[in-house]
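Biologist: Please choose one small part of this model and take me through it closely, explaining each term as you go. I would then like to see how that part relates to the rest of the chain.

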Amino acid sequence: MNFEELDRKMRRFEQSLDQIIWPEIYMVARADGRNFTRLTKETCQFEAPFDVIFRDAMVETTKHLMECGFRIVYGYTQSDEISLLFHPDDNTFGRKTRKVNSVLAGEASSCLSLGLGVSACFDCRVIPLPNRECVGDYFAWRQEDAHRNSLNAHCYWMLRKKGISPTEATKELQGRSVSWKNELLFSENINFNDLPSWQKRGIGLYDVTYEKEGYDPIRERTVVGTRRRLTADMELRTGEEYREWVLGFLTQQSL
């Protein structure tokens, strides 16, 4: 069997599980940290429940993913996860999920590892969304997940810092209502509503347009050009306003 025949034969197996997201379908990818509890609490010993060093490292990793070759119009990070909204016209790697997942997981893992100086690993999944409403639902879901996780984390670590064991703290919070958890924090003079927005609602990343002054040596005069800069927003909108604002990025509008 010559090489060409062998190549055709083996590529059938290699491509047998390839999945492609059709051009008419909106696409989001989510990268999730693997064993990040150990990474943040044991290896790096970051402040609990939230640490600005880890926050900034996740922001930089999100920025890197938005600039590593895909056409990403909006990035969102909370806790140990990153969500990326692709432009509807993005066709990188022919929209093959195998390629998108492996590249984004590898890029995220290497970027965060270099940023923290320790080994960090992400997995990634591509999520096909059939319409704009589902895109809005997705990001509203992840933001609400951030809010719930933040409340639980603040309660858990408040109990831990009072000397309660991990098992007892988890059991104490199990089945408790949101109002009960808020009251628990308030009993220690912590008003959950007053905590930083990025801890409760996550961080959004997107391009903003700005003007930059320069000099034209040919015409010998000052000129003003338009530039774009990737910005991290730590004071995100909430509820329906947030949903509609995210959808604006699908048409490259900054609402």
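**A hairpin and its surroundings**

Modeller: In the hairpin formed by β2 and β3, two residues lie between the strands, and Ser79 has a positive phi near 55° there. Strands are DSSP runs of E with at least two residues, helices are runs of H or I with at least four, and both are numbered from the N terminus. Two strands count as paired if DSSP finds at least two bridges between them.

Before going on, please note that this is a predicted model, in which local features need pLDDT of at least 70 and side-chain atom pairs count only at pLDDT 80 or more, while totals for chains, interfaces and linings use all residues. Residues are numbered from 1 along each chain as its sequence is written, and side-chain values use heavy atoms, with hydrogens and water left out.

The positive phi of Ser79 deserves a remark, since Ser79 is not a glycine. Most residues other than glycine have a negative phi, and most peptide bonds are trans. Ser79 sits in the loop between β2 and β3, and it counts as partly exposed because its relative accessibility is 43%. Here buried means under 20% relative accessible area, exposed means over 50%, and partly exposed lies in between, as found with a 1.4 Å probe and protein chains only.

The strands on either side of this loop, β2 (72-78) and β3 (81-86), run antiparallel and are joined by six bridges. Within this pairing, Tyr76 of β2 stands opposite Ser83 in β3. Seven of the seven residues of β2 are buried.

β3 also pairs with β1, again antiparallel, through five bridges, and in that pairing Arg30 stands opposite Ser83. β1 in turn is joined to β4 by eight bridges, and these two strands also run antiparallel; there Val28 stands opposite Ile127 in β4. In β1, eight of eight residues are buried: Tyr26, Val28, Arg30 and Asp32 point one way, and Met27, Ala29, Ala31 and Gly33 point the other way.

Next comes the nonpolar core, a set of buried Ala, Val, Leu, Ile, Met, Phe, Trp, Tyr and Cys residues joined through side-chain atoms within 4.5 Å. The largest one holds 33 residues, of which Phe36, Phe86, Leu104, Leu112 and Phe122 touch the most other members. Among the elements that each supply at least two residues to this core are β1, β3 and β4, together with helices such as α3 (52-66) and α4 (97-116). A second, separate core has 20 residues, including Val73, Tyr138, Leu236 and Val246. In soluble globular proteins, nonpolar side chains tend to be buried together.

Phe122 leads back towards the hairpin: leaving aside neighbours within four places in sequence, its contacts include Asp80, Ile82, Ala31 and Phe36. Contact here means heavy atoms within 4.5 Å.

The hairpin also borders an open space. On a 1 Å grid over the protein atoms alone, a pocket is an open set of points with protein on both sides within 12 Å along at least five of seven lines, whereas a cavity is a set of points where a 1.4 Å probe fits but cannot get out; lining residues have an atom within 4 Å of a point. Grid points are joined across faces, edges and corners, and the volume is the space filled by probe spheres set on the points. The largest pocket contains about 720 Å³, and Ser79 and Asp80 are among the residues closest to its centre, alongside Lys41, Pro49 and Phe50, out of 28 that line it. The elements giving two or more residues to the lining are α2, α3, β2, α5 (132-161) and α8 (197-201), and α5 has the largest share, with seven.

The lining divides into 13 nonpolar, 10 polar and five charged residues, where Ala, Val, Leu, Ile, Met, Phe, Trp, Tyr, Cys and Pro count as nonpolar, Asp, Glu, Lys and Arg as charged, and the others, Gly among them, as polar. Pro49, one of the residues closest to the centre of this pocket, lies in the loop between α2 and α3, and the peptide bond leading to it from Ala48 is cis, with omega near 0°.
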